[in-house]
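With the structure open in a viewer, please follow the selections below in order. Each stop names what to pick next and then says what is found there.

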Amino acid sequence: MMVESEHAVTTEPIPRRKLHQEVLDRLMARIQAGEFAPGEQLPSERELMEAYGVGRPSIREALQQLERSGIVGISHGERARVLLPTAQAVVEQMTGAARYLLSVEPRTLDHLKEARVLLEAGVARLAAQRADAQGLALLRQRLDEHRQASLDDFLQRDIAFHRQIAAMSGNPVFPAAVEGMLAWLGSYYRSLVRAPGAESLTLQEHQRIYDAIAAGQPDTAAQAMSDHLTRANALYRRFSEGDDQPDRA
């Protein structure tokens, strides 16, 4: 029996890289090395063409990819400027891919719902540990606004309540992650929040979450959030199977 050598030579052809990818990699290396700090402009297209010996299309494609990644900003008539990426910008970059994944692999929905429960339960725990008077006042305001919202406005008020809890964690990554998660879940979340006739249950659950955070009870806050989202997930599953109507998220 032939034993394959650990040093077997592959005969697969080496793929040719496109010029714009080479330009992109070199620009990224210079940005990561600190040659261009956030807020500073990159060299002009002509300067980059001369430096790398490539044409304008390769330079522009590389810059456009950097712009799509949120690394540079491009304004008409000006040189590209290096940006300081935010957590929200990074999450927004992922939104299109997440929605596409959901469209081609529906089972991903269950994975995202599970991830949302763990994320927001943990965020509620941190909010209860770190909340200050100002954050609690804003959360109380978000709850009151939610309670007074019309059916058409209920979705945005619901999101605002969850976003405020994430902001109270003190970690800027979490508000972006929570909002991104809701954007990825898309129609699932809208179908839960806009279902008529169940507003009171959602508001009761939000009240329990608020009370636990206000009382500085991390475990209770995490459990209240987990119960809230798990209940919504279970009812959505029943609705999707034709057994019930979805409840509020």
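**First stop: Leu-139 and its core**

Select Leu-139, which, leaving aside residues up to four places away in sequence, touches Phe-161, Gln-164, Ile-165, Met-168, Tyr-210 and Ile-213, contact here meaning heavy atoms within 4.5 Å. This is a predicted model, in which local features need pLDDT of at least 70 and side-chain atom pairs count only at pLDDT 80 or more, while totals for chains, interfaces and linings use all residues. Residues are numbered from 1 along each chain as its sequence is written, and side-chain values use heavy atoms, with hydrogens and water left out.

Next, add Ile-165, Ile-209 and Ile-213, which together with Leu-139 touch the most other members of the largest nonpolar core, a set of 31 residues. Such a core consists of buried Ala, Val, Leu, Ile, Met, Phe, Trp, Tyr and Cys residues joined through side-chain atoms within 4.5 Å, where buried means under 20% relative accessible area, exposed over 50% and partly exposed in between (1.4 Å probe, protein chains only). Colouring by helix (DSSP runs of H or I, at least four residues, numbered from the N terminus) shows that H5 (108-130), H6 (133-148), H7 (154-167), H8 (173-185), H10 (199-214) and H11 each supply at least two residues of this core. H5 gives the most, with 8 residues.

A second, separate core of 19 residues can be selected starting from Leu-24, Met-28, Tyr-52 and Leu-63, which are among its members.

**Last stop: Arg-231**

Finally, go to Arg-231 in helix H11 (residues 218-240), which counts as buried because its relative accessible area is 16%.
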